[in-house]
Protein chains: 2
Amino acid sequence: MKVNDSIEKSDELMSLTLRLQRGELLAAECPSRSVLKHVTSQWGVLVLMVLLKGTSRFSQIRKKVNGVSEKMLAQTLQSLESDGFLNRRSFPVVPPHVEYSLTPMGEEVAAHISALAEWIESNLSRIMDARNNSN
Amino acid sequence: MKVNDSIEKSDELMSLTLRLQRGELLAAECPSRSVLKHVTSQWGVLVLMVLLKGTSRFSQIRKKVNGVSEKMLAQTLQSLESDGFLNRRSFPVVPPHVEYSLTPMGEEVAAHISALAEWIESNLSRIMDARNNSN
DNA sequence: CAGTATCCTCATTGATACTG
DNA sequence: CAGTATCAATGAGGATACTG
């Protein structure tokens, strides 16, 4: 790639270079950013982790994800569904019955998220040790 | 699994069960949640990715992470530093010179974050294909 | 049960100005 | 250069009520 030739040039060229080299995440306009926001959102992470263990219904998820409101859960599920990370199966019975499960793509992201989460959990003591001040 | 035996019981028992089984992330009060919030925050992710490539100065990071404000960058750097994920080296010169780099622990989280980000970037077209509606 | 609709609050973020 | 301080705006999120 001759991309490196332009590395000394203007900021515009620089950011273009970055975009070509390493994807567009660092560029503000990139659609990756919204996907990233969905999966790394507070509730997105936890929902993905729950669904990685298997299909679950709305209120089951709500019980497992401690602290999420109906509204936020619905919103989170919609984002993740529209990104193609999960399937929503609605059974036309009364009372309503809706099941959520990961798509193959969903399982791949969830695996990454889960690896990250598990790293944090098992390193929590190391982290708390290192902590100086607030937050 | 005798876990299911308690599934009919109180919410308190339920969340206790979850905590014992799979760590505390799903419990609202867990300190893991704040760490997770820091590293998965919009700017946290991008800063970690930049620093994974090497030590960088404040304004260098600001240039690379497209769209971040001074305030948000400073705040992000502080959270990550106080979690022990990065080192701040300040040189007592004028004008000021401050370098940020990852700690060994920081490199570990950043590796996870980066893996996730790269997955998203390389699967973007698959994701955009799957997308039905808004967001 | 699985949501939607509405209203409301407070935290996050951004813009701007200032400083060691 | 590397921030801090201040203020204003946006949006995340919660509480409540209602519905198919």
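**Helix α2 of chain B and the interface between chains A and B**

In α2(B), the buried residues (under 20% relative accessible area, 1.4 Å probe, protein chains only) are Ser32(B), Arg33(B), Val35(B), Leu36(B), His38(B), Val39(B) and Thr40(B). This helix, a DSSP run of H or I with at least four residues, spans residues 32–40 and is mostly covered, with seven of its nine residues buried. The model is predicted, and local features need pLDDT of at least 70, whereas side-chain atom pairs count only at pLDDT 80 or more. Residues are numbered from 1 along each chain, and chains are lettered from A in the order in which they are written.

Superposition by least squares on the C-alpha atoms of residues with pLDDT of at least 70 in both copies lays chain A on chain B with an RMSD of 0.1 Å, by a turn of 180° and a shift of 0.0 Å along the axis. This is the relation of a two-fold axis. The C-alpha of chain A nearest the axis belongs to Thr40(A), at 2.7 Å.

Contact (heavy atoms within 4.5 Å) links 56 residues of chain A with 57 residues of chain B. The two chains bury about 5,100 Å² between them, 63% of it on carbon and sulfur atoms; this is the accessible area (1.4 Å probe) lost on being put together, summed over both. Leu26(A), Leu116(A) and Trp119(A) supply 12% of the area that chain A buries against chain B, more than any other three residues.

Between chain A and chain B there are two salt bridges, defined as a side-chain nitrogen of Lys or Arg within 4 Å of a carboxyl oxygen of Asp or Glu. Glu108(B) forms a salt bridge with Arg126(A), with the closest N and O atoms 3.2 Å apart.

Methods
Heavy atoms only, no water. Buried < 20%, exposed > 50% of the residue type's maximum accessible area, 1.4 Å probe, protein only. Helix = DSSP H or I, 4+ residues; strand = E, 2+ residues; numbered from the N terminus.
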